[in-house]
Amino acid sequence: MRYLNYINGQWKEPTTGEYKENTSPHNGENLGEFPSSAKADVQEAVTAAKEAFLSWKKSSFQERASYLRKAAAFLKENIEEVGRDLALEEGKTLAESIGETQRAISILEYYAAEGLQPTGDVIPSANPETLLYTNRVPVGPVGLITPWNFPIAIPVWKLAPALIYGNTVVIKPADLTPKSVYHVMKAFDEAGMPAGVVNCVFGRGSVVGNELVENPGIKAISFTGSNQVGLQIQREATANGKKVQLEMGGKNPLIVLADADVEKAVSIAINGAFKSTGQKCTATSRVIVEEGIYEAFRDRLVERTKELKVGDPLQAETFMGPAVSKGQRDGVLAMIEAGKEEAALLCGGETPAEEELANGFYVKPTIFENVPQDARIAKEEIFGPVIALFKVNSYEEAIDMANDTEYGLSAAICTNNLTLANRFVDDIEAGIVHVNSETAGAEPQVPFGGCKASSTGSREQGKTAIEFYTQVKTVYVDRM
């Protein structure tokens, strides 16, 4: 089946007439063909967004919210189909995929409710006869460039606030996972969204993404992806006068102190590191364990990791599916090979031997110990199911090691010591902090983002999303 771009309220073929096959990372099954669009397709979408913005920005918050609720209801009615398609094209398990779809629904419902919240302040003036207040206005047409690892949740957590605050949108989905965003576009189409408010152009980042960054009709760019691409976008977009929001990499630590419950801490480590095949910017990649329980923790972690079911993401018993593509799997294997030169491999480190997985992009969950702090697997984001284990003598040594990274997205600690837990919240250099829970996971009503090299610009999600998708007007009203 061929799928089309969504531009100005219509499903349209790309001007190139060219399409790219979307395939399953489990077995190479053809999941459909999606447009390989050209600059002309993006320009048409931007023009539609510019024209629609003139009326959309004047619509009421309640009217905008009604479209978000209708889109959420459509996804809810089709959650099994959407979740299955997500699992097929991205590789995460069916349970995780349906859960991610539910998360997208929750985000739409949350921002629909935000339409009833205040958007400004009345501020006392030095002149008692002056009415002084602030208001927020939309930025304009915005460009959204989204990743493959959360192919429905991340597009929606950018789309929903952009729309509720009065912006129009051109979105460029990841070319590895286009069908998930197709479902979102279909939801808005079924909701009766006015033409031009939401536009979707499929294709390569070097074509579609570049045009969004360069086109003067786009006033802001929100990007989630690699640091290399994100920083390039930032340079080019800011040079063109655009607002920029970047969510990028992580090298997230989990500290396990000696007073922690070993079994619970092992579960937290496994879920944080290996769910979604480790393909999360918030995935646990460094586990730092105090020496009093290091051996017990290590042995149990390895034992339980070896028991994990790796395989077909549609099977209920599967814990971990394939990497999203051959290139992604090969990159993870290359980092594992580098790890074998620098550290001690405890388990995994190879592709599964099962014949039924031979056509998929699988890699076993992998654990290393005796890892030097300057090793590549300790410093670089792997974006795969790999844990680097470290032994430390104290909380102070653990926090120093945890902060020894260019990234600062998420971090977690396992402890029953409330004093040290509170110290950790203050000491850790991360935008998201977990106490006795995994580094991955984010609720829609709170800000999402990191510090250091993980993020730039204002936070996503929650009430803070308004900062990026609006501008503040300060208004003085006096008598004649």
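With a relative accessibility of 0%, leucine 75 counts as buried, and this residue offers a convenient point of entry into what is a predicted model. Leucine 75 belongs to helix α2, which covers residues 61-77. When its neighbours within four places in sequence are left aside, leucine 75 is in contact with Val82, Ile105, Leu108, Ile152, His183 and Ala187. Threonine 464, by comparison, stands 389 residues away from leucine 75 along the chain, and the C-alpha atoms of the two are separated by 25 Å.

From this one residue we can step back to the chain as a whole. The chain has 15 helices and 21 strands, and its C-alpha trace spans about 75 × 60 × 40 Å along the principal axes. For 480 residues, a compact globule would be expected to have a radius of gyration near 23 Å, and because the chain has 23 Å, the value agrees with that expectation. Buried residues, of which leucine 75 is one, make up 58% of the 480 residues in the chain. If one takes the contacts in the chain with a separation of 6 or more, 74% of them are accounted for by residues 24 or more positions apart.

The packing of helices comes next. Two packed helices are described by the angle between their axes and by the distance between those axes. Helix α4, residues 94-114, packs with helix α5, residues 153-164, at an angle of about 10°, and their axes are 9 Å apart. Since angles under 35 degrees count as roughly parallel, α4 is therefore roughly parallel to α5. On the α4 side the contact is made by Glu100, Arg103, Ala104, Ile107, Leu108, Tyr111 and Ala112, while α5 brings Ala153, Val156, Trp157, Ala160, Pro161 and Ile164. Sorted by class, the residues of this contact comprise 11 nonpolar, no polar and 2 charged. Leu108, one of the α4 residues in this contact, is also among the residues that leucine 75 touches.

A second pair is formed by helix α1, residues 39-56, and helix α7, residues 205-214, whose axes lie 9 Å apart and which pack at an angle of about 40°. The two helices are therefore oblique to each other, and α1 passes α7 in a right-handed crossing. Here Lys39, Val42, Gln43 and Val46 of α1 meet Val207, Val208, Glu211 and Leu212 of α7. The residues of this contact divide into 5 nonpolar, 1 polar and 2 charged.

The backbone also deserves a careful look. Most residues other than glycine have a negative phi. Asparagine 8, although it is not a glycine, has a positive phi of about 55°; this residue lies in the loop between β1 (5-7) and β2 (10-12). Its relative accessibility is 36%, so asparagine 8 counts as partly exposed. Lysine 452 is likewise a residue other than glycine with a positive phi, near 55°, but its setting is strand β19, which consists of residues 451-452. Because its relative accessibility is 34%, lysine 452 counts as partly exposed, whereas leucine 75, where this account began, counts as buried.

Key. Residues are numbered from 1 along each chain as its sequence is written. This is a predicted model: local features need pLDDT of at least 70, side-chain atom pairs count only at pLDDT 80 or more; totals for chains, interfaces and linings use all residues. Side-chain values use heavy atoms; hydrogens and water are left out. Axes are lines fitted to C-alpha atoms, for helices over the stretch in contact, and angles run from 0 to 180 degrees between N-to-C directions. Helices (H or I, at least four residues) and strands (E, at least two) are DSSP runs, numbered from the N terminus. Angles under 35 degrees count as roughly parallel, over 145 as roughly antiparallel, 65 to 115 as roughly perpendicular and the rest as oblique. A crossing is left-handed if the near helix is turned anticlockwise from the far one by less than a right angle, and right-handed if clockwise. Contact means heavy atoms within 4.5 Å. Ala, Val, Leu, Ile, Met, Phe, Trp, Tyr, Cys and Pro count as nonpolar, Asp, Glu, Lys and Arg as charged, and the others, Gly among them, as polar. The radius of gyration is taken over C-alpha atoms; the globule rule is 2.2 Å times the number of residues to the power 0.38. Buried means under 20% relative accessible area, exposed over 50%, partly exposed in between (1.4 Å probe, protein chains only).
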